[in-house]
Every structure is written in structure tokens, then in C-alpha cells.
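Student: Could you take me closely through the sheet in this model, strand by strand, and then through what packs against it?

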Amino acid sequence: MGPTCTSTYCQKSKSRHCSTFDEERRKAIFTEFWNMRSWDERYTYVKTMVKKVKKKQARSESEERDSSYQWNLSSTEGEHKQVCRKMFASTLGVSERTLCSWLTKEKQNVVPTVEPEVTNPQTINKPLSEED
Ligand SMILES: [Zn+2]
């Protein structure tokens, strides 16, 4: 799991809730994500949490690609709260590049060619805790 978001932009922004996710909650999300049995499940999770937002009416295919994404993490109450992309990637322990490729790929191509990109294993005690 990577470091939490410390962006002042996010702190000021009303639509970003990075700071509402404390380390405990982030760890819970991280653990839940890596306890999933397959990459299919992780892919589905990411697809559920990330919403595609069109910046404006797309008039061409190239504009279509400029659509941005809205990244959400679920709170303790199960509420989806918008965070920034860095916060999302760092909490799940997946690189932004991997996430972006998932969002543009079809389901059958989701198994990454790289190992899970856990950047700071020492910041958590057990990346994959024992069964329940
Ligand atoms: Zn942020």
C-alpha cells in the first residue's frame, strides 16, 4: 500500500475525500482487494469503483479518449467517496498505469504481466492477512 494523499488541492476540493480515509480504512480496502481470489474479481471491483466521466460532448473518437475518470473508495459505511487517482492507486497498491489499462481493456485481458506492485510492504504488517 502506498502513502496517503497529501495534496492540498484535494484537501481544499469539495469533491475529493482523500483525507476522510484514514490509514485503518485504507488498509482494510487494500486487504480486501488483495484477498480477492482472482484478477477477474479485482478488475470488476475497479470497474465498480471507477466511473467514466465525459468532460464534454465527444464529437470524435479522439475526444472520446479524453474522457476522464472519477475514482471512488468506499467508506466504512459503504459509501462511495470520490478521491484522486493517486490516492486510489496507492490505496489499492496498484500502479496508475495498470489501473488505466484495466479501464480501457476487455475483461479477458486483465491478468497483469507484472507482479502486484506493492510499493511499501513494510508500512503494513501483513499484506495478505490470514483467512478471516
Ligand atoms: Zn487526493
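Tutor: In this predicted model, 3 strands form an open sheet in the order β1-β2-β3, with antiparallel pairing. The edges are β1 (50-53) and β3, each of which pairs on one side only, and from one strand to the next the twist averages 40 degrees. Helix α3 (residues 39-49) packs on this sheet, where it touches β1, β2 and β3, and its direction makes about 50 degrees with that of β1.

Looking more closely at one pair, strand β2 (residues 68-74) and strand β3 (residues 80-83) are joined in the antiparallel sense over 4 bridges. Within this pairing leucine 73 stands opposite lysine 81 of β3, while asparagine 72 has glutamine 82 in β3 as its bridge partner. In a regular strand the side chains alternate between the two faces of the sheet. The two strands make a hairpin with 5 residues between them, and in the turn glycine 78 has a positive phi of about 85 degrees.

Helix α5 lies across β2 and β3 and runs at about 50 degrees to β2. Of the 8 residues of α5 (residues 85-92), 6 are buried, so the helix is largely enclosed by the rest of the structure. The buried residues are Met87, Phe88, Ala89, Ser90, Thr91 and Leu92, and the buried residues of α5 pack not just against β2 and β3 but also against α2 (23-34) and α6 (96-104). After α5 comes glycine 93, whose phi is positive, near 75 degrees.

Note on methods
Residues numbered from 1 in each chain as written. Predicted model: local features only at pLDDT ≥ 70, side-chain atom pairs only at ≥ 80, totals over all residues. Pairing = 2+ DSSP bridges. Buried ≥ 20, exposed ≤ 12 C-beta atoms within 10 Å, placed from the backbone. Contact = placed C-beta atoms within 7 Å. Axes fitted to C-alpha atoms, helices over the stretch in contact; angles between N-to-C directions.
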